[in-house]
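Trainee: I have a new structure open and would like to learn how to read it. Could you walk me through it, one feature at a time?

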Amino acid sequence: AAEDVPAAGRGSVRRLVTAAGPVIHRHYRRGGRVAVLLDDRYWFGGFDATRAAREFRLLDTLCSRGQRVPRPVLARVQRSGLFY
């Protein structure tokens, strides 16, 4: 089951119930004038440089230090040519 969660900013957030338990899915969106041209596409400079990978690493680090943040479960990047 999926449920949209009100979120501030450009990204959408959905709460999903999976076999592993409840998770939150976040989709990144561009802002500003460049969003008119690129929508939610970003330049692909390798997986480790993507927003999803950087946020995953940050949350993982904070979790390992005992901070109260969502535990990252998965980071997904869908590449299309020079963009993702």
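Mentor: Gladly! Let's begin with a term: a residue is called buried when its relative accessible area is under 20%, exposed when that area is over 50%, and partly exposed in between. Keep in mind that this is a predicted model. With that cut-off, A52, A53 and L59 of helix α2 are buried.

Trainee: Where do the buried residues of α2 sit around its axis?

Mentor: On the same side of α2, because they cover an arc of only 130° around the axis.

Trainee: How long is α2?

Mentor: Helix α2 runs over residues 51-64, which makes 14 residues. From first C-alpha to last, α2 reaches 20 Å, close to the 20 Å expected at 1.5 Å a residue. After α2 comes G66, with a positive phi near 85°.

Trainee: Let me step back to the whole chain. Which pattern do its helices and strands follow along the sequence?

Mentor: The order is β-β-β-α-α, from three strands and two helices. Of the 84 residues in the chain, 17% are buried. You can also look at how far apart in sequence the contacting residues are: among contacts between residues at least 6 apart, 28% join residues at least 24 apart.

Trainee: Which residues form the largest nonpolar core?

Mentor: There are five: Y28, Y42, F44, A52 and Y84. You have met A52 already, as one of the buried residues of α2. Setting aside residues up to four places away in sequence, A52 touches Y28, A75, R76 and V77.

Trainee: Now for empty space. How is that read from a model?

Mentor: Rolling a probe the size of a water molecule over the atoms shows where empty space is left. Here, the largest pocket holds about 1000 Å³ of space. Its lining has 28 residues, and H25, R26, L74, A75 and R76 lie nearest the centre of the pocket.

Trainee: Which elements give two or more residues to the lining of the largest pocket?

Mentor: They are β3 (21-27) and α2. Strand β3 gives the largest share of that lining, with six residues.

Trainee: What can a backbone angle such as phi tell me?

Mentor: Most residues other than glycine have a negative phi. D39 is a case to look at: its phi is positive, about 55°, although D39 is not a glycine. You will find D39 in the loop between α1 and α2. With a relative accessible area of 46%, D39 is partly exposed.

Trainee: Is F47 buried, exposed or partly exposed, and where does it lie?

Mentor: F47 has its place in the loop between α1 (34-38) and α2. Its relative accessibility is 38%, so F47 counts as partly exposed. Leaving aside neighbours within four places in sequence, F47 is in contact with A53, A75 and V77. A75 also appears among the residues that A52 touches.

Trainee: How do I compare separation in sequence with distance in space?

Mentor: Take a pair and read both values. F47 and R79 are 32 residues apart in sequence, and their C-alpha atoms are 9.3 Å apart in space. For R15 and R26, the values are eleven residues in sequence and 9.0 Å from C-alpha to C-alpha. R15 lies in strand β2, residues 12-18, and is partly exposed at a relative accessible area of 36%. R26 is one of the residues nearest the centre of the largest pocket.

Conventions. Residues are numbered from 1 along each chain as its sequence is written. This is a predicted model: local features need pLDDT of at least 70, side-chain atom pairs count only at pLDDT 80 or more; totals for chains, interfaces and linings use all residues. Side-chain values use heavy atoms; hydrogens and water are left out. Helices (H or I, at least four residues) and strands (E, at least two) are DSSP runs, numbered from the N terminus. The expected span of a helix is 1.5 Å times one less than its number of residues. Buried means under 20% relative accessible area, exposed over 50%, partly exposed in between (1.4 Å probe, protein chains only). The arc is that of the directions from the helix axis to the C-beta atoms. A nonpolar core is a set of buried Ala, Val, Leu, Ile, Met, Phe, Trp, Tyr and Cys residues joined through side-chain atoms within 4.5 Å. Contact means heavy atoms within 4.5 Å. On a 1 Å grid over the protein atoms alone, a cavity is a set of points where a 1.4 Å probe fits but cannot get out, and a pocket is an open set with protein on both sides within 12 Å along at least five of seven lines; lining residues have an atom within 4 Å of a point. Grid points are joined across faces, edges and corners, and a volume is the space filled by probe spheres set on the points.
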